[in-house]
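Hello,

I am passing a structure on to you, since you have not worked with it yet. Please have a look at it first, and then read my notes underneath.

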Amino acid sequence: MARPPALKLAEVKAEIRIGPSAFYRLRARGQAPRMIKLPNGELRCRRADLDAWWEACERDTSAWR
C-alpha cells in the first residue's frame, strides 16, 4: 500500500493560517508540527503528524476545555 503524499510547507502554513516568520518561530521553539527535511532542503509534513499537532493544540488550550 502506498503512503499518502506529505504536505508541502506552503500547504501546512495555509492550513494552520500562519505566516512564514511565525511558523519558523514555532519550529525553533519545538512547537510546530513535525516536519521532514528532504535531501534537497525542502520541508514536508505527514497528514497524520499535522492532525496529531492539531489535537495537541486543542488539548493544551484552556479555551477548548
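Below is what I found in it, starting with a pair of helices.

Please keep in mind that this is a predicted model.

The pair is α1 and α3, the latter made up of residues 47-60. Their axes come within 12 Å of each other and cross at roughly 25 degrees. Because that angle is under 35 degrees, α1 counts as roughly parallel to α3. The crossing in which α1 passes α3 is right-handed.

Which residues meet there? From α1 come V12, E15 and I16, and from α3 come R47, L50, W53 and W54. Sorted by character, the residues of this contact are five nonpolar and two charged, with no polar ones.

Next, have a look at R17, which sits in the loop between α1 (9-16) and α2 (20-29). Its phi is near 55 degrees, a positive value in a residue that is not glycine. Is R17 buried or exposed? Its relative accessible area is 79%, and since exposed means over 50%, R17 is exposed.

Finally, the cysteines. A disulfide is a covalent bond between the sulfur atoms of two cysteines. How many disulfides does a search of the whole structure find? The search comes back with zero. As for individual cysteines, C45 has a relative accessible area of 0% and is therefore buried, whereas C57, with a relative accessible area of 28%, is partly exposed.

Enjoy exploring it, and do write back with any questions.

Best wishes

How values were computed:
Residues are numbered from 1 along each chain as its sequence is written. This is a predicted model: local features need pLDDT of at least 70, side-chain atom pairs count only at pLDDT 80 or more; totals for chains, interfaces and linings use all residues. Side-chain values use heavy atoms; hydrogens and water are left out. Helices (H or I, at least four residues) and strands (E, at least two) are DSSP runs, numbered from the N terminus. Buried means under 20% relative accessible area, exposed over 50%, partly exposed in between (1.4 Å probe, protein chains only). Axes are lines fitted to C-alpha atoms, for helices over the stretch in contact, and angles run from 0 to 180 degrees between N-to-C directions. Angles under 35 degrees count as roughly parallel, over 145 as roughly antiparallel, 65 to 115 as roughly perpendicular and the rest as oblique. A crossing is left-handed if the near helix is turned anticlockwise from the far one by less than a right angle, and right-handed if clockwise. Contact means heavy atoms within 4.5 Å. Ala, Val, Leu, Ile, Met, Phe, Trp, Tyr, Cys and Pro count as nonpolar, Asp, Glu, Lys and Arg as charged, and the others, Gly among them, as polar. A disulfide is a pair of cysteine sulfur atoms within 2.5 Å.
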